[in-house]
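Please examine the sequence and the structure shown below. The paragraphs that follow lead through selected features one region at a time.

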Amino acid sequence: MKFYEKSFVKCVAAFAMAVVFVAGGFTYASAKDADEDIKIVKINDNNFEREILKSKKPVILEISSTSCPPCLIMIPTLIGIAKNYPDIKVASVGIDEPGIEKVKASLPIQAFPTFFLIKNGQIVNRLVGAVKEGELLSALQYTPKKNVNANKKPKKNPHKNLVCKVNGQFNGLQNLVKISFVFGDYEIENVDIVTDVFVPPEMSSKREQMMAHIRASGKGEVTPTMTGFQMHIDNDCRFMKAMDMKRTSTYGEMRAGLELQGFTCE
């Protein structure tokens with residue numbers, strides 16, 4: 001039980017985002033069927049000092065895992081800050097990715113997502129879990145100059161559904177994460193996250209304990225499967241409502257953000 005509590009349950013309880021690496025610079029992603037671009041810095045050992053410690057801009061640095069649903073819930077907030085506050089650098093470290101040993105040794109990472117608020121190379125604050133935009137800006141101790149585009153009338157969404165999938169791993173537990181969105185005219189109307197967790201034979205005796213722990217925490221529905229168990233977080237569950245996901249991101253922005261994480265979208 002200790003192994004599970006220190007690994008998968010911690011990810012479920014306090015969830016982070018990862019984006020595809022472009023060495024030493026900004027990452028841009030153009031979503032199909034949309035003209036939105038998002039700009040986030042992907043961090044690893046090669047550019048940590050240059051992009052974070054020597055950054056002239058204040059930094060919101062997120063530590064995330066692709067197997068962490070609340071990290072997915074944070075995507076609209078991070079995209080919004082990167083788009084609307086050009087004088088803030090938004091950066092991300094994917095904890096599941098290679099080449100981040102120095103980063104992990106430099107930062108006190110204990111849960112996902114964790115946000116480090118950094119100014120002049122110094123950590124001024126730290127937040128854990130899904131948080132609102134205002135909380136991140138306040139913790140950064142900075143009042144940014146907002147992008148004039150932020151005041152424009154929001155673009156009307158195409159009435160499309162978006163389904164994205166990714167294979168993940170967290171401390172030896174393989175999983176498949178599928179997230180689905182339903183878009184209305186100007187906001188996300190429905191979010192649904194299904195995580196299939198594959199429990200290896202040597203841990204099968206602990207499966208019921210794992211499931212019971214998740215049920216007790218109120219993190220959505222949990223049902224057994226042939227290969228492990230499935231966790232389902234829907235739009236109306238207590239946990240989703242408590243996370244209070246920002247729902248103003250467009251179809252194009254959400255698709256771009258998820259594809260940057262390594263998701264395959266359809």
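At 67% relative accessibility, N120 counts as exposed, where exposed means over 50% relative accessible area, buried means under 20%, and partly exposed lies in between (1.4 Å probe, protein chains only). The model is predicted, so local features need pLDDT of at least 70 and side-chain atom pairs count only at pLDDT 80 or more, whereas totals for chains, interfaces and linings use all residues. Residues are numbered from 1 along each chain as its sequence is written, and side-chain values use heavy atoms, with hydrogens and water left out.

N120 lies in the loop between β5 and β6; helices (H or I, at least four residues) and strands (E, at least two) are DSSP runs, numbered from the N terminus. Although N120 is not a glycine, its phi is positive, at about 55°. Most residues other than glycine have a negative phi, and most peptide bonds are trans. N120 sits in the turn of a hairpin that β5 and β6 form with two residues between them. A positive phi of about 55° is also found at Q141, again not a glycine, and Q141 lies in the loop between α7 (133–139) and β7.

The hairpin strands pair in the antiparallel sense: β5 and strand β6 (residues 122–128) share six bridges, and two strands are taken to pair if DSSP finds at least two bridges between them. T114 belongs to strand β5 (residues 114–119), and its bridge partner in β6 is V128. In contrast to the exposed N120, T114 has 2% relative accessibility and therefore counts as buried. The side chain of T114 reaches the backbone oxygen of A111 at 2.7 Å, which falls under the definition of a polar contact: a pair of N or O atoms within 3.5 Å where, within protein, one must be able to donate a hydrogen and the other to accept it, and residues adjacent in sequence count only if both atoms are side-chain atoms. Leaving aside neighbours within four places in sequence, T114 is in contact (heavy atoms within 4.5 Å) with L61, E62, I63, R126, L127 and V128.

Just before this strand comes a cis peptide bond, which joins F112 and P113 with omega at about -10°. P113 is found in the loop between α6 (101–106) and β5.

F112 also has a place in one of the nonpolar cores, each a set of buried Ala, Val, Leu, Ile, Met, Phe, Trp, Tyr and Cys residues joined through side-chain atoms within 4.5 Å. The largest nonpolar core has 35 residues, and those with the most contacts inside it are L162, I179, F181, V191, I193, L258 and F263. Strand β8 gives the most to this core, with five residues. A second, separate core of 18 residues includes C71, I95, L107 and F112. C71 counts as buried because its relative accessibility is 0%, and C68 likewise counts as buried at 0%. Helix α5 (residues 75–84) is mostly covered, with nine of its ten residues buried; among them are I75, L78, I79 and N84.

Returning to the largest core, what does L162 touch, not counting residues up to four places away in sequence? L162 touches I179, S180, F181, F183, Y251, M254, R255, L258, C265 and E266. Ring pairs link three of these contacts, F181, F183 and Y251, into a cluster. Rings of Phe, Tyr and Trp (its six-membered ring) pair if their centres lie within 6.5 Å; planes under 30 degrees apart count as stacked, over 60 as edge-to-face and the rest as tilted. By this rule there are two aromatic pairs. F181 and F183 form a tilted pair, 6.0 Å centre to centre with 35° between the planes. The rings of F183 and Y251 have centres 5.6 Å apart and planes at 70°, so this pair is edge-to-face. Because F183 lies in strand β8 (residues 173–183) and Y251 in helix α10 (residues 251–260), the pair ties together parts that are 68 residues apart in sequence.

C265, another contact of L162, is joined to C164 by a disulfide with an S to S distance of 2.1 Å; a disulfide is a pair of cysteine sulfur atoms within 2.5 Å. The count by this rule is one disulfide. Since C164 lies in strand β7 (residues 161–170) and C265 in strand β12 (residues 264–265), the pair ties together parts that are 101 residues apart in sequence. The link of C164 and C265 is right-handed, with 110° about the S-S bond, and both cysteines are buried.
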